[in-house]
Amino acid sequence: MVPKKITTHILQNMKAAGEKISMITAYDFSFAKLFDRAGIDVILVGDSASNVMAGHETTLPITLDQMIYHASSVIRGVSRCLVVVDLPFGSYQSNSKEALISAVRIMKETGAHGVKLEGGEEVMESVKRILAAGVPVMGHLGLTPQSIYKFGTYSVRAKEETEAAKLKSDAKMLEEAGCFAIVLEKIPALLAKEVAENLSIPVIGIGAGKYCDGQVLVMHDLLGINTEFKPRFLRQYLNLHEPITAAVEHYIADVKSNDFPSEHEQY
Ligand code: KIV
């Protein structure tokens, strides 16, 4: 039987039915194929590619062309899950026309199913213009890494009442504008619970606790490819850096000792 393709509509039904949504980042064909076959609901081609793929300290340097390269590789690996692509820093903040042009490029040049952008009221005109063109939009509130130099720290957001109130109002605005889902990053669990209960669209959390309608993690963190990044919210399901290092050390030793290739591994 051909598995059912995940759509934004199916995600809404999952929330209504109380079924949690699984989301993971991916940036290339091979991992996207593995995750799609494992049954993931949503792949996010995150601008975290700037950190984990390109080695930058922040998400700010990655370009729209680079995001398009990653997203089109991911799309070639999936046949079932929904693929959402981050609009990178600088590709939507100046005005809504620029935002629409960037979103259209992503949709046309990658074949992805929607875009994600960071912010609430301040990007609402762009959100509405992209939605009006028929492009599904996912919001992102709380810790928004593209604003890291404004925050000055990656610590938990919206602990104070004023910031929490703005987050709740932004979430409602994003829903009313027509977004199909919202990511909440690194905020108190009870605040995320309140937002999820007040919205009919899915709320996907990262460091936002168990009451969200779904969870997202960066693949390098979940698989233990990174060793340095260990925030409290992260559950590391594998220690992949260990077997990879051991395998490559073994290979180096085999090459040096002339053990590889053997008679059976040559023509
Ligand atoms: O870029 C990214 O990976 C993200 C997730 C952390 C939600 O935006």
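A residue counts as buried when its relative accessible area is under 20%. In this predicted model, F35 has a relative accessibility of 10%, so F35 is buried. F31 comes out at 25% relative accessibility and therefore counts as partly exposed.

These two phenylalanines share an element. Both F31 and F35 belong to helix α2, which spans residues 29-38. They sit four residues apart, about one turn of the helix.

Now turn to the rings. Searching the whole structure gives three aromatic pairs. One of them joins F31 and F35: the ring centres are 5.8 Å apart and the planes meet at 35°, so this pair is tilted. Stacked pairs need planes under 30 degrees apart, and edge-to-face pairs need over 60. The F31 and F35 angle of 35° falls in between, which means tilted is the label that applies.

A further pair is formed by Y251 and F260. Their ring centres lie 6.1 Å apart, with the planes at 65°, so the arrangement is edge-to-face. Y251 has 48% relative accessibility and is therefore partly exposed. The upper limit for that class is 50%. F260 is also partly exposed, at a relative accessible area of 35%.

Charged side chains meet aromatic faces too. R157 lies over the face of F151, 3.9 Å from the ring centre. K193 lies over the face of Y211, and here the distance to the ring centre is 5.4 Å.

Terms used. Residues are numbered from 1 along each chain as its sequence is written. This is a predicted model: local features need pLDDT of at least 70, side-chain atom pairs count only at pLDDT 80 or more; totals for chains, interfaces and linings use all residues. Side-chain values use heavy atoms; hydrogens and water are left out. Rings of Phe, Tyr and Trp (its six-membered ring) pair if their centres lie within 6.5 Å; planes under 30 degrees apart count as stacked, over 60 as edge-to-face and the rest as tilted. Helices (H or I, at least four residues) and strands (E, at least two) are DSSP runs, numbered from the N terminus. Buried means under 20% relative accessible area, exposed over 50%, partly exposed in between (1.4 Å probe, protein chains only). A charge sits over a ring if NZ of Lys or CZ of Arg is within 6 Å of the ring centre and within 35 degrees of the ring normal.
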